[in-house]
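Trainee: Could you show me how to read an interface and a strand pairing?
Mentor: Sure, let's look together.

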Amino acid sequence: MTLSSQTKNLLKVHQDVDPDIKPNAGWRDLPIGGVIPQGGTASQFATGDWRTIRPVWSKEKCINCHRCWLYCPDMAWISEDGKIQGVDLTYCKGCGICANVCPTKVHAIEMHPEDDFKDDEAVKEG
Amino acid sequence: MALPDLAKKPQRFTGGHRACAGCGFPITIKIILQAAENPVVVGCATGCMEVTSTIYPYTAWRCSFIHTAFENVAATMSGVEAAYRSLRRQGKINQDITFIAFGGDGGTYDIGLQSLSGAMERGHKLVYVCYNNQGYMNTGIQRSSATPRGANTTTTPAGTQLPGKPQYPKNLTAIMAAHDIPYVAQASMSHWNDLYRKAKKAFAAEGPAFLNVLSTCRLGWATAPEDTVDVAEGAVQCNVWPLFEVEKGNWKLSFKPKKPLPVADWMKQQGRFKHLFRSDNSQLLETIQQQVDEDWQRLLELCGVNGE
Amino acid sequence: MAVAVEIQKTAALTGNEAAAQAMRQINPDVVAAYPITPQTEIVQLFSTFVSDGLVKTEFVAVESEHSAMSATVGAAAAGARSMTATSSQGLALMWEMLYVAAGMRVPIVMPMVNRALSSPINIHCDHSDSMGARDSGWLQIYSENSQEMYDNLIQAVRIAEHPNVLLPIMVTMDGFIISHGMENVELLPDQAVKDFIGEYHFPYPLLDVEQAKTLGPLTLQDFYFEHKREQAEAMYRSKEVILAVAEEYAAISGRKYGFFETYKMEDAEYAVIVLGSTAGTAKYVVDQLRQAGEKSGLVKIRVFRPFPGQELSEALSGLKAVGIMDRADTFSTQGGPLYLEIKAALYHAANQPQCINYIYGLGGRDIDPPLIRQAFMEVKDLASGSAAEAGPTVRYLGVRE
Ligand code: SF4
Ligand code: SF4
């Protein structure tokens, strides 16, 4: 076996480490050097529970300008094929920027206290 | 580019990061990354952006990303770019890749200035983006050389004797322009179209490019989270943060407010300037306005634009 | 492969030239470096190789050593074999990034030309620079002469890049004494070095843009410890690799290396332990003592990180006394760094020799045979129990009182 192929085989040991990092992984089971060997894993982390107010979107009023999509710091506005579909509450932190940048005349987004939705949630869970 | 079309492009920065609600820099990242056509390798200085977007094992980056330390993202990315040139020359890589370094104003204006200057002078083909939130926000709102005069920070607290930061911010964009690199621009995340266009130009530049992008920190500026875009807009409208670009030595104004806002109007939006509205500080407010006016006149001259 | 032994070329080279020749043959993809006395010559020579197209290297003439190490880390993480070189204040300025390089597991190889640290400023040899970095997570190999510098550098590439290791490594030589001293060096053929080191592979190259990845994230209380534990383990694993690489290297060069070299130790009753170029002078002294019928011996440490504690403890066990020579002080009032390591390694030894520490040669102060002889004689007295009085265990050798 040449050195190079030997090295490659050994390197596979690193590359075969499970890219999904388990919270209880022991030190032998983690990629070396603290590397996160895949992209965008933060999308598995919900920041929606930071929210105290929630954007409520009116599909009817919306003119699809996408200012909400652009200025949302949390990538919460869903756009499919160039059409706004609504807000992903998994990430929305309730900053209110979207409601603020939605054109004044359009006013398609309103911020409402989370408390207003408590009953909805209870129904869903119940 | 219309926004609905821009939204069709896959995003390289995801939700689920831990920046404060209403933070400005994720908006800056989004606009800049949406402007990149090639695959990107991103480097990031230690700071808010880095610590909130890469909390192990969660990363908000859907691209190659490296962070090594605070003062050296330009040097780190110099190495990455040099590796690219070497491997490309050897035929081991054949695709075009865009290199972007992000640093806050602390990591750019202050501790990282030498490393930035070196990387730009050496001509590495990378785009350095300063997401400028005018202070050391990650460590709890200390002054930097980008903090405006009069701002209340935890190292320039507004007291009975000292009314916040005593110095004006340094003009880093001009310092970078003096490096005579192909492209230097000042932009604001509030003016997405201008920033998007400048990012495109920076990526297309035949060599290093520098973007200084105002990115609101609503915590450090003490503004309401929903006002993040407005307050950055205000900085542009009152000429505290003019938008311009310097291309191969040519200064060009990007935006001229129809009727500039008084600086005090912009300051009023922010808790960090609250003390300036006490009667004993009224003189300082005037002095700051005069300085902003002078700087603006100087910029107009540099850009060959007639003032009023 | 064994053919290489036959066709080695002998050249009269300074240590810096030998290091530069090794770098030319390693032919890294990227070198990012900054000049500093006494390392400068390496950077200059290497630049001429770049200018004349003798290497494929992208040379980055950075604006500081901090940036040199930062750029080297970036380049190595990008997927390019990357080197830098430094000395003294330069290493000190790299400090922060040394830890980052080790923690990020980038296998950088760095020639390090030992020079005293300021203040006062001094350009001559001692080991305070590399000794200060001894706990940065880098492997450290010390060279006695130009030949060793050359051989160690080539082996270092294989050690650092070994998938069981993936740690940075600094290979040191004594400033001026070796870096600027001319001696004969046997050079391997370029092709033999190329074959020996093979291709560079980093498991998470940034330039592999098809696979998104994040290097250098924030890891907190829940994971940081695990990352560091694995880093520590890599250092343990490196011991085996160092010996395996030395064996392979002996096959192509005919020159054998281990963790340390023993000189006339078979029946020695007392010994002196040194690092670096002092070993040459000390061997001469041992020869003289042996001629006079003395049972003296010498141990020269080659690998300081990982520290071969167990192996050394075995080699020293049974001796009556050892004198440990440090070209650096820890300013801890407990003695020099080598002394502390060896004393710790001997703690579990069955037959512990008595130890005294000699701190010598700071700032390039000459260490001549009479001084080394004095050390040997004091160690001998200690061994035979005839020392009039015990005396301090930490002694400053060659300083004016
Ligand atoms: S409230 Fe803020 S986080 Fe939520 S969707 Fe609107 S802009 Fe995004
Ligand atoms: S900003 Fe308002 S109008 Fe524009 S897309 Fe969003 S919701 Fe619709």
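Trainee: How much area do chain A and chain C bury between them?
Mentor: The size of an interface is often given as the accessible area lost when the parts come together. In this predicted model, chain A and chain C bury about 2300 Å², with 71% of it on carbon and sulfur atoms; that is the accessible area (1.4 Å probe) lost on joining, summed over both parts. On chain A's side, the residues touching chain C are 13 nonpolar, nine polar and two charged (Ala, Val, Leu, Ile, Met, Phe, Trp, Tyr, Cys and Pro count as nonpolar, Asp, Glu, Lys and Arg as charged, the others, Gly among them, as polar).

Trainee: How many residues of each chain are in contact?
Mentor: 24 of chain A and 28 of chain C, where contact means heavy atoms within 4.5 Å.

Trainee: And how many salt bridges are there between chain A and chain C?
Mentor: Zero, taking a side-chain nitrogen of Lys or Arg within 4 Å of a carboxyl oxygen of Asp or Glu.

Trainee: Now strands: which way do β5 and β7 of chain B run?
Mentor: Strands (DSSP E runs of at least two residues, numbered from the N terminus) pair if DSSP finds at least two bridges between them. Here β5 (residues 183–188) and β7 (residues 244–247) of chain B run antiparallel, joined by four bridges. B:Y183 stands opposite B:E247 in β7(B).

Trainee: What joins β7(B) to β8 of chain B?
Mentor: Four bridges, again antiparallel, with β8 covering residues 250–253. B:F244 has B:L253 as its bridge partner in β8(B). Two residues lie between the strands of this hairpin, and B:K248 takes a positive phi near 45° there.

Trainee: Any reading notes?
Mentor: Residues count from 1 along each chain as its sequence is written, and chains are lettered from A and ligands numbered from 1 in the order written. Local features need pLDDT of at least 70 and side-chain atom pairs 80 or more, while totals for chains, interfaces and linings use all residues; side-chain values use heavy atoms, without hydrogens and water.

Note on methods. Buried area is the accessible area (1.4 Å probe) that two parts lose on being put together, summed over both.
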